[in-house]
Each structure stands twice: as structure tokens, then as C-alpha cells.
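Here is a short report on a predicted model of protein chains with DNA. The sequence and structure come first, then the notes.

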2 protein chains.
Amino acid sequence: MPPGDPLREQLIAQFDGLSGQLQQAARYLLEHPNEVALVSMRELARHAGVQPATMTRLAKALGFEGYNALRARYAEALRHERDGFADKARRAGSSKIADGDERAANLLRKTSAQLLSLCDPEPLMQLNAMAKRLAKARKVYVVGLRSSHVVAWHFHYVMSLLGERSIHLDGPAGTGGDALMRATKNDVLLVVSIQPYTADSLVLAKRAADQGVTIVSITDSAVSPLAGISRHAVLCPTESDSFFHTLVPALALSEALCALLADTDRAATLDALQRADEHHAALNTYATLPPWRHC
Amino acid sequence: MPPGDPLREQLIAQFDGLSGQLQQAARYLLEHPNEVALVSMRELARHAGVQPATMTRLAKALGFEGYNALRARYAEALRHERDGFADKARRAGSSKIADGDERAANLLRKTSAQLLSLCDPEPLMQLNAMAKRLAKARKVYVVGLRSSHVVAWHFHYVMSLLGERSIHLDGPAGTGGDALMRATKNDVLLVVSIQPYTADSLVLAKRAADQGVTIVSITDSAVSPLAGISRHAVLCPTESDSFFHTLVPALALSEALCALLADTDRAATLDALQRADEHHAALNTYATLPPWRHC
DNA sequence: AATAAAATGATTCATGTGTTGCTTTCGCGC
DNA sequence: GCGCGAAAGCAACACATGAATCATTTTATT
């Protein structure tokens with residue numbers, strides 16, 4: 001559909017070689033590219049003032065297998081128009097890549113696009129609001145079970161470098177939720193859960209909500225069980241071509257959240273990192289020095 | 001399709017009153033609004049993991065005459081979104097994006113680009129080679145400490161769904177590395193470590209290498225201490241504008257690795273997932289069903 | 001525990017779809 | 001005027017689609 005689209009160019013290039021009815025059909029495609037995928041061929045033909053068969057013939061004249069192939073091409077253009085970079089991304093990996101490499105490349109490209117989709121105004125707004133709410137909490141409890149453990153743990157780990165406000169609800173022998181008993185109305189519970197939602201997470205969140213604790217969540221849908229009870233919910237895509245859902249967008253959100261929180265009090269952050277640095281230096285935790293030396 | 005769309009709101013509002021299959025269908029509509037008008041009802045139902053009839057029922061539950069009316073509504077939204085797209089792009093830089101929004105967007109965009117950079121031939125090749133090596137290992141030991149715990153744990157979690165070849169070197173009271181004592185030359189140790197490299201990880205890797213265990217690693221540099229002793233090393237970017245290094249690319253690599261491994265024996269994978277599914281169903285682990293039902 | 005009610009799955013059906021082969025029309029040189 | 005070839009219209013077909021119906025399972029209620 002955009003002026004630079006290769007199909008559009010082809011249509012224009014071949015136009016003069018087409019004849020009568022084909023031209024009329026082609027003209028309609030050029031002028032109403034978005035209609036193509038949204039209505040049936042017969043209806044499209046009616047609008048274009050052309051016989052249905054002409055559309056089939058045009059498709060073949062353009063080198064497509066049949067009309068459906070042409071239609072699919074327009075549908076694809078519609079899907080990816082929002083992010084015009086999609087073509088760029090697709091072309092990027094077009095060089096000589098091996099059989100199995102293509103599989104991995106597709107997974108990574110798709111995930112990359114999902115991260116970009118998080119830059120839409122809506123998730124950004126929620127993320128920012130969540131950061132503000134977390135910043136003024138007395139304590140921040142964090143829970144994320146099973147696959148979501150990845151995100152919850154990472155959030156807690158980073159926050160624990162910055163202070164002692166974060167409490168990870170993840171103890172052995174099922175004691176994970178116990179710390180919540182001391183939660184107050186000034187506290188916030190960050191719940192991370194994506195489909196399939198772990199039952200324990202939901203129970204814990206519900207209990208906390210009843211206690212008056214503010215719930216914020218990183219989850220995957222506006223109709224997630226968490227979205228209803230959350231003060232703020234950031235929605236992240238999780239779809240993947242593999243058999244499990246991807247956690248990469250959720251983790252990226254967690255990192256962004258941590259960055260925003262660290263920004264709210266730069267002085268305190270630097271001070272905390274200084275202490276952490278000294279601590280780890282004394283213990284020889286690291287084989288090389290932490291990287292925030294030169295910030 | 002936009003967050004404020006009345007149909008979307010209605011869908012969310014009515015969601016709790018819907019039942020089972022209807023909810024699953026509704027969820028798919030919410031998460032893939034642009035697909036609705038672009039594919040047939042039956043195909044949509046397949047993607048949503050739902051019977052075709054369910055889509056008809058959902059349409060009527062939402063007050064539409066039939067599915068076609070619903071579909072027309074989505075088609076209209078698609079048409080209008082594109083109209084609105086023009087001026088949205090026009091005032092893109094100007095409008096109300098809060099200060100913190102830009103910060104988060106920058107982080108996410110940068111991370112997204114880093115994922116794309118993993119689609120270069122070099123990392124893909126390494127990743128594929130690593131997957132092949134892991135596929136024929138007797139046991140796969142996994143270690144990743146501190147921030148890298150995120151990646152190591154995720155890899156182990158997914159692999160544990162697929163079988164019992166994976167062993168996570170992460171026990172309490174410093175016993176994490178003990179399992180390595182039983183490692184043989186037929187085993188592989190996957191080490192995840194980025195700067196600053198945790199000393200314990202390196203010690204463990206060195207010991208394993210001396211035992212004759214094959215080392216593969218996800219790390220951040222060709223001159224990482226791990227790269228030298230690794231049979232295969234996938235390098236991932238970790239740079240971030242925040243004070244900590246990003247783990248998102250490393251996690252994405254882990255996911256891709258898992259997908260490649262799952263692909264090597266599809267039958268076994270599906271069988272293992274079936275078992276996992278039954279297990280969790282019996283225990284009521286999840287509040288909703290795992291998503292791989294309809295693959 | 002038994003029954004009713006609702007939800008889900010499977011089957012069937014009428015309709016609309018894209019396609020194809022055939023007929024008709026049109027343009028053009030002889 | 002007459003054939004000739006390409007383009008355009010037409011109608012029938014095979015097939016997929018959305019919807020309606022009935023059977024089965026699940027869930028709730030008494």
C-alpha cells in the first residue's frame with residue numbers, strides 16, 4: 001500500500017501492457033489498496049465495475065498463483081503497515097542463512113518486533129504510572145511463579161542492589177507468600193503472570209488486594225485475571241512460534257521499570273551502587289569489576 | 001483496535017460474564033484485532049484454538065446479528081485506523097509523551113535493535129551449532145549466577161518440561177555445583193555469564209572443563225573468560241542505558257535455543273508436553289489451561 | 001444424587017466464493 | 001464481407017464458508 005511497495009511498483013510498471021478491463025481493475029487496486037483484503041473478490045469486482053473473472057485474470061497476469069495469493073499479499077501489507085519497519089526487518093536477514101538458522105532468526109525477529117510494540121503510548125503510560133506508584137511505596141513485594149519467576153526474580157535482584165524495599169515472595173517449602181502477612185496499605189505487590197496463569201499467584205494477589213495492598217501487574221491481556229484487581233497493569237505480548245510463551249517482552253518491561261525507578265532518585269542509586277560495589281569487591285564475588293564504575 | 005475502541009471496551013466489560021470457550025475466543029479477538037477482518041472465521045477459530053461455531057456464538061453474545069456483522073465492525077476499524085494513522089504520524093513527535101515515557105521507549109527500542117543484531121549469520125551459526133551439540137548430550141548441566149540466573153533458570157525450566165536431561169547447578173548453601181561431580185565426557189555444561197563475570201561460575205566451568213565436560217556458553221564477548229574454554233559460545237549484546245546490563249538478548253537466545261532443541265525431536269516434545277499437561281491438570285497448578293493444546 | 005440447565009462438540013445445510021471453460025464480442029487486415 | 005485472434009462476458013462447477021441443528025458433556029441446583 002505505501003508508495004514504495006514493490007507490488008504497487010509492479011502494478012504501475014505492467015499497467016501499460018495490460019488491456020482494457022485489466023487496467024480498470026488494476027486502477028482500482030492502486031486507488032483502494034486497503035479494500036482488497038477486506039471484501040470478497042466479487043464485491044471488489046463490483047466496486048471496480050469489472051467482472052469477477054477479471055480479478056482472477058489480473059492476479060495471474062501479475063504472476064500470482066491465483067486471486068487468493070494476491071489478496072494475501074494485500075493482507076500482509078495491511079498487517080505490517082502500522083510498523084513500516086517490518087519490511088526492513090524482513091529484508092535484513094535475507095542473506096545466506098542455513099536451514100535451521102532461519103528458524104532461530106524468525107523467532108528473534110518476531111521478538112524484536114514485539115519489543116517495539118511496547119513503545120506504543122498505551123503501555124508506556126502504564127509503565128510510567130506503575131513506576132511512579134512503586135517509587136512511593138513503603139515496601140514492594142514481588143511475586144512471579146513458574147515461568148514468570150524469571151521476571152520477578154530479575155526485578156527483585158536489581159531492586160535489591162538499590163535498597164531493601166523489595167521483598168521477593170518465593171521461599172522454599174511453600175512459604176513464599178508468608179512475608180505478605182506483614183504487608184500494609186502503604187505497600188505494593190508487583191505480580192507477574194502470563195498465560196497459563198499460575199493459580200497460586202492469583203490467590204496471593206487476591207489475598208493481598210483484600211488486605212488493602214495496591215496491586216500492580218505485568219501480564220498479557222486486558223482480560224487477564226490480574227488486570228481486574230490491579231491498580232496498574234502493563235500488558236506485554238507473549239506469543240511465540242515455539243511451544244512456550246516468550247518472556248522476553250516481560251523481562252524487557254521489568255528492566256525498563258527498574259531503570260525508571262533508579263532514575264527517580266539518582267543520588268540514592270549511585271550511593272547504593274557504591275556500597276554494593278564495595279561489598280562485592282571485599283568478597284571477590286566477581287572476576288572482573290562491576291561495569292558501573294565509569295558512569 | 002485502539003485501546004479506547006468501544007467494541008474493545010465492551011469485550012472487556014462482558015468478558016467475565018462469558019464462559020470458557022467464549023472467553024478464549026474473546027481473548028483472541030482482543031489480542032489479534034487486526035486478524036479478524038483479514039482471515040476467514042474458520043481460520044480465526046483455528047488460531048484461537050476454538051470451534052468455528054464458538055465465533056458465531058460470541059458474535060451473538062456481543063449483540064451482533066451474526067459473525068459477519070462482527071467482522072464488518074473490525075474491518076471498519078481497520079479502515080479508520082489507517083486514516084487516523086496519517087495524522088498520528090504527523091503529530092508523532094509533538095504530542096503528550098511524558099518525560100519518563102521517552103526514557104522507557106528509548107530503552108525498549110535499543111533492546112529491540114539488539115535482538116535484531118542477533119539475526120546476523122555469526123550468532124545464528126553458533127546458536128545452531130550449540131543446539132546440535134546439546135541435543136546429543138547425555139546430561140545438560142546449566143549454571144548462571146546472580147543476574148545470569150534469569151537465563152539459566154529459564155533454560156532449565158523449559159528443558160525440564162521436555163525431559164530430565166537438564167540439571168540446574170543452583171542449590172542452597174553453596175551446594176549448587178555438587179551435581180557436577182557426576183558429570184562425564186558425554187555431558188555438556190551450559191554456562192551463562194556476562195560482565196561482571198561471577199567468579200564462582202568461572203571456577204565451576206574450569207573444573208568441568210578439566211573433567212572433560214564440553215563447555216558451551218552464552219556470554220557477552222569474544223574475550224570473555226568463558227569464550228576461551230567453550231566449544232561453542234554465542235555472544236550477546238548487554239549494553240544498556242541504565243546502570244545494569246540488559247539480559248534480554250541473553251534470554252531471547254535461551255528461548256531460541258530451547259525452540260531449536262524442541263524441534264530436533266518433535267514427537268518426543270509433544271509427548272512430554274502431554275505428560276506435563278496432565279500433571280498440572282491433576283494438581284490444578286494453573287488457573288487456565290496451558291496454551292500448547294492446539295498446536 | 002438426581003435433575004435441569006448451560007455450554008461445548010459434531011454434523012449438516014444453504015449460500016457465497018474463486019475458478020474454469022466456453023461463448024460472444026470486438027478490432028483489424030485481407 | 002469474412003475469417004481470425006484477443007479480449008470480455010457468462011454460466012456452471014467444486015469448494016469453502018457461516019450458520020443452524022442436534023448430540024454430548026459439563027455444571028449448577030434442588
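## Two positive phi angles in chain A

Arg146(A) is partly exposed, with a relative accessible area of 24%. Its place is the loop between β1 (140-143) and α10 of chain A. Phi of Arg146(A) is near 55°, a positive value in a residue that is not glycine. Most residues other than glycine have a negative phi, and most peptide bonds are trans.

Asn284(A) also has a positive phi, about 55°, and is not a glycine. Asn284(A) sits in the segment after α14 (266-283) of chain A. Asn284(A) is exposed, at 57% relative accessible area.

## Cis peptide bonds

In chain A, the bond from Gln195(A) to Pro196(A) is cis, with omega near -5°. Pro196(A) belongs to the loop between β3 (188-192) and α11 (199-210) of chain A.

In chain B, Gln195(B) and Pro196(B) are joined by a cis peptide bond, with omega about -5°. Pro196(B) is found in the loop between β3 (188-192) and α9 of chain B.

## Helix α5 of chain A

Which residues of α5 (residues 52-61) of chain A are buried? They are Thr54(A), Met55(A), Leu58(A) and Ala59(A). Seen down the axis of α5(A), these buried residues fall within an arc of 140°, so they line one face of the helix. An α-helix has 3.6 residues a turn, so residues three or four places apart point the same way.

The face of α5(A) turned away from the buried side carries exposed residues, Arg57(A) and Lys60(A). Just after the helix, Gly63(A) takes a positive phi of about 95°.

## The surface near DNA strand C

Strand C has 17 residues around it. Met41(A), Arg42(A), Lys60(A), Tyr67(A) and Arg57(B) come nearest. α5(A) gives the most to this surface, with 4 residues. Elements that each supply at least two residues are α4 (41-48), α5 and α6 (67-81) of chain A, together with α2 (21-31) of chain B. By class, the surface near strand C has 4 nonpolar, 8 polar and 5 charged residues.

Of the strand C atoms within 4 Å of the protein, 59% belong to sugar or phosphate, and the rest to bases. Lys60(A) has a side-chain N or O atom 2.5 Å from a phosphate oxygen of strand C. A polar backbone atom of Tyr67(A) is 2.9 Å from a phosphate oxygen of strand C. Arg57(B) reaches a base: an N or O atom of its side chain is 2.6 Å from a base oxygen of strand C.

## The surface near DNA strand D

Strand D has 18 residues around it. Gln21(A), Arg57(A), Met41(B), Arg42(B) and Tyr67(B) come nearest. α2 (21-31) and α5 of chain A, together with α3 (41-48), α4 (52-61) and α5 (67-90) of chain B, each supply at least two residues of this surface. The surface divides into 4 nonpolar, 8 polar and 6 charged residues.

Of the strand D atoms within 4 Å of the protein, 67% belong to sugar or phosphate, and the rest to bases. Three side chains have polar atoms placed by phosphate oxygens of strand D: Gln51(A) at 3.0 Å, Ser40(B) at 3.3 Å and Lys60(B) at 2.8 Å.

## Cavities and a pocket

How many cavities of 30 Å³ or more are there? The count comes to 9. The largest cavity holds about 220 Å³ of space. It is lined by 20 residues, of which Ser147(A), Gln195(A), Pro196(A), Tyr157(B) and Tyr286(B) are the closest to its centre. The cis bond noted above joins two of these residues, Gln195(A) and Pro196(A). The cavity lining divides into 12 nonpolar, 7 polar and 1 charged.

The second largest pocket has a volume of about 490 Å³. Its lining counts 19 residues, with Leu145(B), Arg146(B), Asp170(B), Gly171(B) and Asp200(B) nearest its centre. α10 (149-162) of chain A and α9 (199-210) of chain B each supply at least two lining residues. The largest share, 3 residues, comes from α9(B). By class, this pocket lining has 6 nonpolar, 10 polar and 3 charged residues.

Key. Residues are numbered from 1 along each chain as its sequence is written. Chains are lettered from A and ligands numbered from 1 in the order in which they are written. This is a predicted model: local features need pLDDT of at least 70, side-chain atom pairs count only at pLDDT 80 or more; totals for chains, interfaces and linings use all residues. Side-chain values use heavy atoms; hydrogens and water are left out. On a 1 Å grid over the protein atoms alone, a cavity is a set of points where a 1.4 Å probe fits but cannot get out, and a pocket is an open set with protein on both sides within 12 Å along at least five of seven lines; lining residues have an atom within 4 Å of a point. Grid points are joined across faces, edges and corners, and a volume is the space filled by probe spheres set on the points. Ala, Val, Leu, Ile, Met, Phe, Trp, Tyr, Cys and Pro count as nonpolar, Asp, Glu, Lys and Arg as charged, and the others, Gly among them, as polar. Buried means under 20% relative accessible area, exposed over 50%, partly exposed in between (1.4 Å probe, protein chains only). The arc is that of the directions from the helix axis to the C-beta atoms. A residue is near a molecule or strand if one of its heavy atoms lies within 4 Å of it. A polar contact is a pair of N or O atoms within 3.5 Å; within protein, one must be able to donate a hydrogen and the other to accept it, and residues adjacent in sequence count only if both atoms are side-chain atoms.
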